[in-house]
Each structure stands twice: as C-alpha cells, then as structure tokens.
Amino acid sequence: MESPSRTCSDTVEEPNPFAPFPNSEPNERRILTLRAILVGSLCGTLVNTSNIYLGLKAGWTTSANIFGSIIGFVVLKQWSASSFSNHAFGPHENNIVQTAATAAGGLSGVFVSAVPALHQLGLLKTPGADYFHLTLLTGLGGLFGLFSIAPLRHFFLVQVARELDLRFPSSTATATTIRSMHQALEGGLKARRKLRVVVISFLAALILRVASQYAIGILWDWHPFTWMVTTGITVSAAMSLESWGWYIEWTPAFIGSGMLVSVNVAVSFLAGSVLAWGVIGPLLVSNGIAFGQHRSSEGPWTELMSYTSLSKELATADHPSPRYWLLWPGVICMTTTALTELACQWRVIWIVLRDGFSLLVKWAKLKLGKGYAYTSLEQPEKPDPADSNRVRLWMWLPGVILVIVLSCPALKAQFGMSYVMTLLSLFLAFGMSLLAIQATGATDTTPLGTLSKVSQVILGVVNSQPSIEAAQRLNLIGGALTNIAASQATDLMGDFRVGFLLGTPPSTQYLTQIIGTLLATFISPLIFIVFSTAYPCILASDPNPTDSCEFSLPAASAWRVIAVAATEPTLPIPRSSLIFSSIMGIVGSAMVLLRHFILVDKWAHARKYHPNFMILAMAFTLPATHYGIAMVIGALVAAVWRKRSLVGYEEYGAAVAAGMMAGEGIGGSVNALLSILGVGGEGWGTGVGCPAGRC
C-alpha cells in the first residue's frame, strides 16, 4: 500500500529546520492524561475507519496528525476551562493527543492489502473466525516496529537530519499547527474557526457519500460516455473509453488529498493513468497481447468490456488481462525508483553501520537503565530540550527481546511459520522500517507497499514450503509483518519529530504510541470485519466483472498476484511485460539521478516540472483513472486558493482537506452498516447514469 503524502500542510519556515522551536522547554505540570488519550484515541479510530475504506477503494491511507491536533485543541481547550478540569491545557498535552490519534489510526494498511489477499487465496477462514490470529499478527508487528525503532530517535532527528535533509514535512506541519494555535492571542478563536471548517467539510463529505449510494450515477460517478449511449448515440469510441474506466468521481477524499500534495504529484498520477489506461492498455488489446472480458450481453452494452480482472484465467503469462500485464511495470518501476532514491542517500547506510558498531562498544560500558543517545557523542547545534527524558535502554530492549521470543512460537502455531522465516521476516521488517523512515523524512512519501513487496520477493526466494498454499500464506504473512512494523515505526519517528520541535518528552510520546498501537491492534480487525461482512466481494477469489463492488482492491490484488508469482515454480509474467518493466525501471532510475545530479544549482527551478516517477508508476497498479482526475481537481483548487488568498489557504486548507478525507471514510462505514441492515444502495438505490445500470 502507497501513501503519496501523510496529510501535510504549508509550514511556517523556520531559520533552522533541524533545531527545536525557540522556547520549547516543557513547562506543563501533566501532559499524559486520560482526557488526552481518550480524545486522541477516538480521533484515531475515526481515521482508522476512514483509512480502511479508502485503502480498500484505492490503496490509499492518510495520517491522523493534523486531524487529531485540531480536534484535540478545541475539545481539550474547552475541557480545561470547565469545572471538570483542575489543570491547564498546553501544546505538549496537545501533542500527546495527536500522538495517540496517529497510533490509534495506524495498522490499517495490512487490512487493505495482505489480509484481503490471504482470504482471496483461501489461506484463512473468515475475518470473524480469524479475529484472534489477526490481532496477534498486528500486535506483534506493531510493537516490534515501535520497540526496534525507538532508540534511533536521536539518530534520525539530530545526527543525520541535516546530512540527509530529513525535515519530515507532515510532522513539521503538525508541530507548527499546534504551536500557532497555542501561541496566538486569538488562538482559541482560530481553533474554533478551524474546527468549524473541519466539521462542515466532514459533514458535507459524509452526507454526500451516504446519499450517493442511492443515486450513485447522479451524485457520485459521472459517466459522460455512458450518457451518450443511453441517449441512443452508440459510438464505439465512447464505449471504449467507458470500458477503460474514463469517468469522473466526486470523491471528497481524493479531492482533499489533491489539495495537500503538489500539482506535480497530482499531474504525475494522472499522467501515469493516461499512459497506462489510455495508451499502453489499448495498444496491448489491439495487438492481441492482453485480453478483456465482456461485462454485459444486454442491448447496446454488448461492446462494454472489463480490462481489470485478475482471475486465474487472466493472470497468466500466456493470457493476461491489461491489469495483470501493467501491474509488473508499476511494481518494478516503483521498486527501482525507491532503491535508486535510497542509493543516492547512501550515507544513511554507512552511518547506520558505523554507529551500529559504536553502539555495540557502548553496550559493554552501559549500565542497564542508565539511558544513552544512540549515535555519536556530538552535540546538536541547539541542545534537545527533551534529551533528559529520552527513551532509555530498559524501555525498548526487553520489549524487542520479548516480541522476538513470543513471535517465533506464536506465528508457528497460528500460521505454520518456521522460526527461521519468522526471524528473517522481523529482520526485513527492521531494515524496511529504516528505509521507510528515510523516505518519509526526505520526501513525505512512505512507500510501504513497495517495501513490503520487496520483502515478499525475498521471502519467496528463500521459502521452501512443501505446498504452494503454505508458501503463499507465509509469503503474505511475512510481507504483512514488514508493512505493520514499518508503518508503526514511521509513525513513531514522525511523532518524535513533532515532539522534538515542541520539546515534548520523548519517553511520554513513546508510551502514548504504545497505548494507541495496542488499541488499534483490537480495533482494526473489527473494522475490517464490518466491511467484509457488508461487502463479501472484498474476499472473493474471482469476482465476476458484471457484479458491482464498492471497492477496486488495488493493494490486495497486487499483494495476491505477487504472492502467487513469488511461489510459482516458473515466473508467470508475460515476457513482453517483463521487458517493458525493465525499460520502465531504468527510465525511473534515470529520472531520479537526473533530479539529484543534473537539476541542481541553477537548474534547480526545473524540479517542479520533473515528473514524480514513483507516483506515475503507482497509477499502473491502480485500475481507476478517476482518482488521478480527482487529485488534479483538488490540486488545482488549492493552487487557485493559494494564489488568491495565501493566508486563507494556510489557515484553513489542511482543515478542509482533513475533514473531506475523514468524512468520506466515515460515510463509507455508515454505508457498510446500512448494507448489513439491508437498506443499502444495492437494494434501494437506482443505477440511472451507470453503464449497463451498474456503477
């Protein structure tokens, strides 16, 4: 699962982005409070629900940091002024709220990717019957990610931050938002205005999502080429464009996401959709290289085709669907681009090895519980005000050992994973966590899906299970561990960055993150059970292209296909796709090198026109062109807004986007409940405006 931006907003430029904010020393009496954990966890649960909905639709998730910061400020500011409170509310307690929200909003990625893939391949029973197994897996992976990365706080935020330009844009935006709300004289009024904006955009998106299920072809999806056919104008070109999925979807979540990313990212995403589903796909079909399926045999819709199947008949080297053929260039290009990007930051690998050896030397002289800074003894330009409350050795090392000791027998008993495979999976999880943190800190892009797929390929090479089913199960479970651990590790380091800037004690944030992760461990599987009960197509191994399904499941489909390919005796990839994948991977790597070594100094201004090949390749794996269109709409709205009123956009832009994304996600959850109750749009709605009456 990929995340082009973890909910970032424009930030106030600081003289030194690698030093704490001025006057950031802790001065609050008590910050780890029940009210902070409660409000943060509730915000995180809402975002978790939203993420599972969005991830099942488009493989997309977002962070709860901005959402939790704003809601937390308004709620606890009022709480502290009431007769129920006996202490004031400050920025550090506000940071605890967003930390709890970020942690509780996590662990959703695996439930939109590996878990559905396991069910689609028949490797698990049912979500309800497997609840304990899924809770165990997410808990072990999430805690391993936290325990193993916690001692690297000083390393990433102080030691190599400037060297690797690790600014963590979303986290910096969150810290800036918290500080501005608390420092401004009219902070309370500002926060109430932001809350009003969040609530309005949230309710508007929620109402639209719920109402649209009853008239989806009118309120949600606009199919202009279908409208041509229904008026009696049967145009082959119009039917072809409809078959390839070219229509507009008024999705608040992706319009909001487009408002937060740059125009370059949004245009790169749409360009990838045009290249994959407007150029290459049709060429493959016209030349007999890839094949589709008829979606209808009724009336004027006999020419309507589906090109997105990943069924067994259309996921082979000899008879692929366009989606299966295009999946490999997307995955391989994303992987080579990410690895080239990391290779350009080769210093991080050297520094980890260098300081890792230094750590081993220090261990011999360190008394248990005394605490330490992970890296060299160099002092930062400005001392870290939270350094005296750093995460100490006893807070993480026993946890790492305990998780490893428990994981080996637990995963063997529950999933049949050998001790060697478990240890290898945890080792890969730690390594991929380092890469995910580096990518997030430098680019605000967290390539969890790509890194997890790298783990899948490695596990597929060393896997020696006696049956294909067992090999596929362990391949997906191992990849899931990487995804879970890297997700929580990246969230923890992002929260540490917020605390570093504000001066919040990291040990307190660390404990909050553990509490939120434990909550998400039990909540995330329950949310998935609700969605899979309402929409059984999520678990279907081979959904019929004529059936209507709310979700396109791009992440789950990609995980499933790679698990099958990595465990087959012969590589089931079309030769033409493999050749094109190699070419596209080389081009993607070359574009990264171009940005790093050519578009510098006097040519640096050209970077804003340089396509983001990671995002472009992602569009190859997502058989839904309307998401790119929606993101471009959002990016253009934000660009016009910034041009007409920069102050207004900086004040309310992130609030509008956060409300829209959360609103659609919660609206999707309401739709799931209505479907379970038998009053959903599939039984009570109309298909007017939809191709062949189905959207």
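Me: Val 158 lies in helix 6 (residues 153-159). Why does Val 158 count as buried?
Reply: Keep in mind that this is a predicted model. The relative accessibility of Val 158 comes to 18%, and buried means under 20%, so Val 158 counts as buried. Val 158 and Ala 19 sit 8.1 Å apart, C-alpha to C-alpha, with their positions 139 residues apart in sequence.

Me: What makes Arg 35 and Glu 93 a salt bridge?
Reply: Their side chains meet at 2.7 Å, N to O. The cut-off is a Lys or Arg nitrogen within 4 Å of an Asp or Glu carboxyl oxygen, so this pair qualifies. The structure holds one salt bridge. Arg 35 belongs to helix 1 (residues 34-58) and Glu 93 to helix 3 (residues 91-104), so the pair ties together parts 58 residues apart in sequence. Both partners are buried, too.

Me: How do you know that helix 3 is largely enclosed by the rest of the structure?
Reply: Just go by its residues: 13 of the 14 are buried, so the label fits. As for its length, helix 3 reaches 20 Å from its first C-alpha to its last, close to the 20 Å expected at 1.5 Å a residue.

Me: And what makes helix 13 (residues 252-260) largely enclosed?
Reply: Nine of its nine residues are buried, so the rest of the structure largely encloses helix 13. Among them are Phe 254, Ile 255, Met 259 and Leu 260.

Me: How do you know that the span of helix 2 (residues 65-81) agrees with what it should be?
Reply: Helix 2 has 17 residues, and at 1.5 Å a residue they should span 24 Å. The end C-alpha atoms are 24 Å apart, so the two values agree. Buried residues in helix 2 include Asn 65, Phe 67, Ile 70, Phe 73 and Leu 76.

Me: Leu 107 is in the loop between helix 3 and helix 4 (114-120). What makes its phi stand out?
Reply: Phi of Leu 107 is near 65°, and that is a positive value in a residue other than glycine. With a relative accessible area of 2%, set against the under-20% cut-off, Leu 107 is also buried.

Me: Why is Leu 283 called partly exposed?
Reply: Partly exposed covers the range between under 20% (buried) and over 50% (exposed). Leu 283 has 48% relative accessibility, so it counts as partly exposed. Leu 283 lies in helix 14 (residues 263-286). Together with Val 274, Leu 275 and Val 279, Leu 283 forms a nonpolar surface patch with about 290 Å² of accessible area.

Me: How many disulfides are there, and why do Cys 43 and Cys 408 count as buried?
Reply: A search of the whole structure finds zero disulfides. Counting as one would take a pair of cysteine sulfur atoms within 2.5 Å. Cys 43 has 4% relative accessibility, so it counts as buried. Cys 408 has 9%, so that one counts as buried as well.

Me: What share of the whole chain counts as buried?
Reply: Of its 695 residues, 59% do. The chain has 27 helices and four strands. It exposes about 26,700 Å², with carbon and sulfur atoms supplying 66% of that area.

Key. Residues are numbered from 1 along each chain as its sequence is written. This is a predicted model: local features need pLDDT of at least 70, side-chain atom pairs count only at pLDDT 80 or more; totals for chains, interfaces and linings use all residues. Side-chain values use heavy atoms; hydrogens and water are left out. Patches are made of residues with over 30% relative accessible area and no salt bridge: like charges are joined within 9 Å, nonpolar side chains (Val, Leu, Ile, Met, Phe, Trp, Tyr) within 5 Å. Accessible areas come from the Shrake-Rupley method with a 1.4 Å probe; for residues, only the protein chains shown count as cover. Helices (H or I, at least four residues) and strands (E, at least two) are DSSP runs, numbered from the N terminus. Buried means under 20% relative accessible area, exposed over 50%, partly exposed in between (1.4 Å probe, protein chains only). The expected span of a helix is 1.5 Å times one less than its number of residues.
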